[in-house]
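Biologist: I have just opened this entry and would love a friendly tour. Could you take me through it step by step?

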Amino acid sequence: MVEKRLRGALGLSLLSLLTGACTEATPPGKSARDAEVRKASSSLAEGLQVVATDSGAVPTFITGPLGAVPTGAEEVRSLQAEQLLPVLARVAPLFRLAPSQLYLKKAYVGFDGDAHFRYGVRLNGVDVLGAELRLHARDGAVFAANTNARGDLPAPERPAVTAEAAATAAREDKASPSGATVHGEPHLVYWREGNELVLAYEVRVQGTGEDGAPVDDSVLVNARTGDAFLHLAHVHSALYRRVSDGNGGPGRIEGSPPVANPLVNIAYDHLGSVYQCYSSLYGRDSYDGAGAHLVSTVSRGSLTNAFWNGTQLVLSAGEGVTDLQLSRAVDVMAHEVTHGVTDHSSGLIYSGESGGLNESISDIFGAVCEWYSKGKVVDANTWLFAEDIWTPDIPGDALRYMHDPKLDGVSLDRYGDYASGTDVHYSSGISNLAFYLLSQGGVHPRIPSQTPVVGIGIEKAASIFYKANVDLLLPSSTFEQAKLATEQAAHQLGYDSATMTSVTRSWWAVQVGLPTIPPPLPVLEKDIAVEVSGSRGAKQYFDAPVPEGARNLRFTLSGGTGDADMYVRFNLSPTTTLYDCRPYKTGNEEECLFPAPAHGHWYVMLNGYSAYAGATLKVTWEGGYVPIEPGVAVTGLSGGPGSSRVFTLQVPPEFEDGGGRNVHVRLQGAGNADLYVRRGAAPSFFEYDCRGLKEHSTENCNLNDFEPGRFFIEVFGAKEGYSDGSLLVTYD
C-alpha cells in the first residue's frame with residue numbers, strides 16, 4: 001500500500017561450529033536451549049537429528065535419512081499421495097502427528113533441484129489453518145522435514161454457536177469496516193494458540209476501510225464462545241502482462257504497442273522487469289510459478305494506494321498526483337507481485353510476526369528486482385523503498401529505509417522492541433535490516449559495538465531468502481523461525497560455514513535468536529488502582545494472586561483516552577484467542593466478574609486496540625482466607641456488622657504415628673465480634689467445631705484432642721461491628 005506504511009541439513013554439530021566461530025560470547029541461555037534440542041535428538045533413531053523444537057520440547061525440524069521418494073521433476077509433480085505413505089509412517093510420529101491427519105497439497109522441484117512435498121493438517125475432519133508438514137528431498141531421499149503442527153493437542157470437536165451467529169459476530173466486530181458484508185459460507189477451522197487448538201469459524205468479510213482502501217479479511221470467530229478474535233488480511237498493501245486503465249482508457253496486453261496513458265505503459269514495462277527478475281534469478285514463471293498472467297489496473301481517483309488483492313496489482317493515483325508517480329517505482333511493483341509469490345509458496349499469514357515477515361520479503365524482493373533492473377548494480381537507492389514516488393522532489397527521501405528502518409519514524413529495527421499486534425509494515429524493519437546487513441555487511445546503525453556482519457552480496461543473500469520463502473517457511477513462522485529457515489536454506493544451497501555464520505550474525509544483529517529472561521509480571525494488589533497506557537497493538541500483562549475463599553472477584557478497567565481491551569484468564573496468561581473473560585468494548589470501560597473464583601494466580605492482559613493513556617486497572621474481591629502462624633498474634637482487626645474474615649492454620653501431627661492436638665483460639669478487641677472455628681473446611685453459622693457468641697469481642701475456643709490438619713477461624717462482625725481486634729492461635 002503506497003502510503004507512509006504502504007498499506008540434511010544444519011544440525012547440532014554445525015550449529016556448535018557456527019557458535020564457536022563467533023568472537024563474542026555465546027548468548028546467555030543458548031546452552032539451555034541447545035540442551036533441550038539435544039535431549040529431543042537423543043530419543044530419535046540413529047542418524048536423525050533435531051534442529052529445533054517447540055515450547056513443549058517437541059521437534060519441529062528434523063534432519064537425517066527419512067525415506068525414499070521419486071526423483072525427477074515430472075515424477076515428483078505426477079506422484080500419487082500413496083507413494084509417500086511409507087515415508088509419512090516414519091516421519092509423522094516424530095512430530096506427534098498421524099499419517100491419517102495429513103493430506104498432500106503440493107509436490108514440486110525447486111530452483112536448486114531439491115524436491116519438496118507440502119502436506120496440510122486435518123483433525124476431526126477440520127483443517128488446521130496455516131498448519132503444514134514439509135518434506136525435503138535430494139536425489140530421491142528425504143533429508144529433512146519441518147512442521148508447525150502437532151496432532152496431540154487438545155482440540156474441541158463440536159461448535160457451540162451456529163455459523164449464522166459467527167457471520168453476524170464477524171460482520172459486527174469492531175475491527176470490521178462499517179457496512180461490511182459476508183461473502184461465502186462460514187466454515188470450521190482449527191487455529192493453534194500455543195499448545196492448544198481453538199475451534200473457530202472462518203468468515204470472509206469484505207468492505208471499505210476508513211481510509212478508502214478495500215478490506216478483504218478472513219475473520220476467525222471462536223466456535224465455542226462466539227467471539228471474533230483475529231482478522232487475517234487478503235489485501236496486501238504495499239510473462240503475460242495485462243494492464244488496464246481504471247479510468248476507461250485503452251490498456252495493454254502482452255505484445256501490444258504503447259498507449260496514450262504513460263502510467264499504463266510504465267506499469268507494463270515494470271511488470272516485465274519483475275517477471276524477468278524472478279525468471280532469470282530463480283527460473284520462476286510468474287508469481288505462481290506456473291505462468292499466471294501478470295495483471296494490473298491503474299487509475300486516478302480519491303485514493304493514492306498500491307496493493308495486491310490476491311490476483312492482481314492495483315495502482316491508484318489520487319487527485320493531484322502526477323500520472324507517473326506510482327507506476328514508475330519498480331520496487332513498489334515487485335513488492336506487490338512478491339505478495340503473490342508468498343501467497344503461492346510459504347503462505348505467510350498476514351498478521352503478527354508472520355505478517356511482518358510477509359511484508360519484509362516483499363520489501364526485500366522490491367530491492368532485489370530494482371537491483372536486477374539496473375544491471376545488477378547496488379547503489380544507495382537499492383535500500384530505499386519507493387524512493388521514486390515518495391516525495392520524489394526530495395533527494396534521499398523514501399517510504400522505508402532497509403539500511404536504517406527507524407529513519408521513517410515508525411518502523412522497528414530490533415526484535416526486542418516488537419510487541420504482538422505491531423503493524424506488519426512496521427515490524428518488517430526487523431528482517432529488512434537483517435537482509436541489508438547480510439548483503440552489505442556492517443553493524444546495527446544504533447549498536448556500533450556489535451561484532452560486524454561480513455556481507456555476502458545481495459545476489460547470494462537473495463537466493464537464501466528466496467529459498468527460505470518458497471521451501472522452508474511455514475504460514476505461521478515467526479522471526480526466530482525465519483532465522484532457522486535462512487540458516488537451513490544457506491546450508492541446503494551448499495554455501496560454506498563463513499556464509500552461514502553471516503546469516504546467523506545478521507539475525508543476531510537485530511536481536512533475533514538471542515534468548516531473553518522475561519521479567520516477573522507486575523502484581524495487581526487488591527483495591528489498588530494502577531494507571532496504564534500503551535500503544536496500538538502493545539500488550540501488558542499483570543498477575544493477580546487471589547486467595548482461597550475469595551468471592552466476587554472483579555477486574556475493572558476505566559477512564560483515560562483511547563481504547564484498551566482487557567483479557568483475563570486463570571492460571572495461564574491470556575491471549576487474544578484464549579481467555580476466561582473479554583468484554584471487548586469500545587473505549588476503556590470494561591469489567592470482568594467471577595462470583596466464585598478459583599484460588600491461585602489470575603492473569604490480565606491489556607491489548608491496545610488503539611493507543612490509550614491515563615486509564616486505571618484495579619482488582620477487588622470479597623472474603624478470602626488468610627494464613628496465620630501459631631503463636632503470632634494478628635492485630636488491628638476491624639469490621640462492620642455482617643463482615644467476615646477467615647484465617648487458616650496448618651496444625652502438624654505431634655508424633656509420626658499421629659495423635660491428638662489441643663488447639664486454642666483467642667479473640668480480643670472492642671465492640672462485638674463472634675468467633676467460629678472448624679477443622680477441614682470454612683465454618684458457617686450452622687457448621688463449626690467451636691463458636692463464641694458473647695455480647696463483646698473477648699471470645700475463646702478450645703478444641704481438645706483434635707486430629708491435626710487445617711483449621712479455619714472466622715471472625716464475624718456482629719451488631720455494631722468491632723475494632724482494634726487481635727487474634728492468637730496456639731496448639732499443644
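## Cysteine pairs and other landmarks

Modeller: Let us start with Cys581, which is buried, with a relative accessible area of 16%. Please keep in mind that this is a predicted model.

Biologist: Which cysteine forms a disulfide with Cys581?

Modeller: Look for a sulfur atom 2.0 Å from that of Cys581. This partner is buried as well, at a relative accessible area of 0%. The cysteine bonded to Cys581 is Cys592.

Biologist: How many residues apart in sequence are the parts that Cys581 and Cys592 tie together?

Modeller: Cys581 sits in the loop between β22 (561-570) and β23 (590-594), while Cys592 belongs to strand β23 itself. The pair therefore links parts whose separation in sequence is 11 residues.

Biologist: Is the disulfide of Cys581 and Cys592 left-handed or right-handed?

Modeller: The torsion about its S-S bond is what decides this, and for Cys581 and Cys592 it is about -90 degrees. The sign is negative, so this disulfide is left-handed.

Biologist: How many disulfides does the structure hold?

Modeller: Besides the link of Cys581 and Cys592, Cys277 is joined to Cys369 with an S to S distance of 2.3 Å. Cys690 and Cys701 also form a disulfide, with their sulfur atoms 2.1 Å apart. The total for the structure is 3.

Biologist: What pattern do the disulfides follow when bonded cysteines are counted along the chain?

Modeller: Take the bonded pairs as they come: Cys277 with Cys369, Cys581 with Cys592, and Cys690 with Cys701. Counting the bonded cysteines along the chain gives the pattern 1-2, 3-4, 5-6.

Biologist: How far apart in sequence are the parts tied together by Cys277 and Cys369?

Modeller: The S-S bond here has a torsion of -85 degrees and is left-handed. Cys277 is in helix α6 (residues 262-282) and Cys369 is in helix α9 (residues 352-373), so the pair connects parts with a sequence separation of 92 residues.

Biologist: Are Cys277 and Cys369 buried or exposed?

Modeller: A residue counts as buried under 20% relative accessible area. Cys277 has a relative accessibility of 0%, and Cys369 has a relative accessible area of 0%. Cys277 and Cys369 are therefore buried.

Biologist: Which strands hold Cys690 and Cys701?

Modeller: Their link is left-handed, with -95 degrees about the S-S bond. The two cysteines lie 11 residues apart in sequence, and the disulfide ties together the parts that contain them. Cys690 is in β29 (residues 690-692), and Cys701 is in β30 (residues 699-706).

Biologist: Which residues does the UniProt annotation "active site" cover?

Modeller: The annotation comes from an unreviewed UniProt entry. Its residues are spread over 90 residues of sequence yet cluster in space, with a largest C-alpha distance of 13.0 Å. They are Glu336 and His425.

Biologist: Where are Glu336 and His425 found, and are they buried or exposed?

Modeller: Glu336 belongs to helix α8 (residues 330-343), and His425 to helix α10 (residues 424-440). The relative accessible area of Glu336 is 0%, and the relative accessibility of His425 is 3%. With those values, Glu336 and His425 count as buried.

Biologist: Which side chain of opposite charge is nearest to Glu202?

Modeller: Glu202 is in strand β8 (residues 196-208), and its side chain has a polar contact of 2.7 Å with that of Ser218. Glu202 is buried but has no salt bridge. The nearest side chain of opposite charge is 6.0 Å away and belongs to Arg204.

Biologist: How many of the 15 residues of α11 are buried?

Modeller: Helix α11 (residues 458-472) should span 21 Å at 1.5 Å a residue, and the 20 Å between its end C-alpha atoms agrees with that. The helix is largely enclosed by the rest of the structure, because the number of its residues that are buried is 13.

Biologist: What is the phi of Arg96?

Modeller: Arg96 is in the loop between α4 (85-91) and β3 (102-109), where it is partly exposed with a relative accessible area of 43%. Although Arg96 is not a glycine, its phi is positive, at about 60 degrees.

Technical notes: Residues are numbered from 1 along each chain as its sequence is written. This is a predicted model: local features need pLDDT of at least 70, side-chain atom pairs count only at pLDDT 80 or more; totals for chains, interfaces and linings use all residues. Side-chain values use heavy atoms; hydrogens and water are left out. A disulfide is a pair of cysteine sulfur atoms within 2.5 Å. Helices (H or I, at least four residues) and strands (E, at least two) are DSSP runs, numbered from the N terminus. Buried means under 20% relative accessible area, exposed over 50%, partly exposed in between (1.4 Å probe, protein chains only). UniProt positions are given in the numbering used here, feature names are shortened, and annotations may be inferred rather than shown by experiment. The expected span of a helix is 1.5 Å times one less than its number of residues. Lys and Arg count as positive and Asp and Glu as negative; His and the chain ends are not counted. A salt bridge is a side-chain nitrogen of Lys or Arg within 4 Å of a carboxyl oxygen of Asp or Glu. A polar contact is a pair of N or O atoms within 3.5 Å; within protein, one must be able to donate a hydrogen and the other to accept it, and residues adjacent in sequence count only if both atoms are side-chain atoms.
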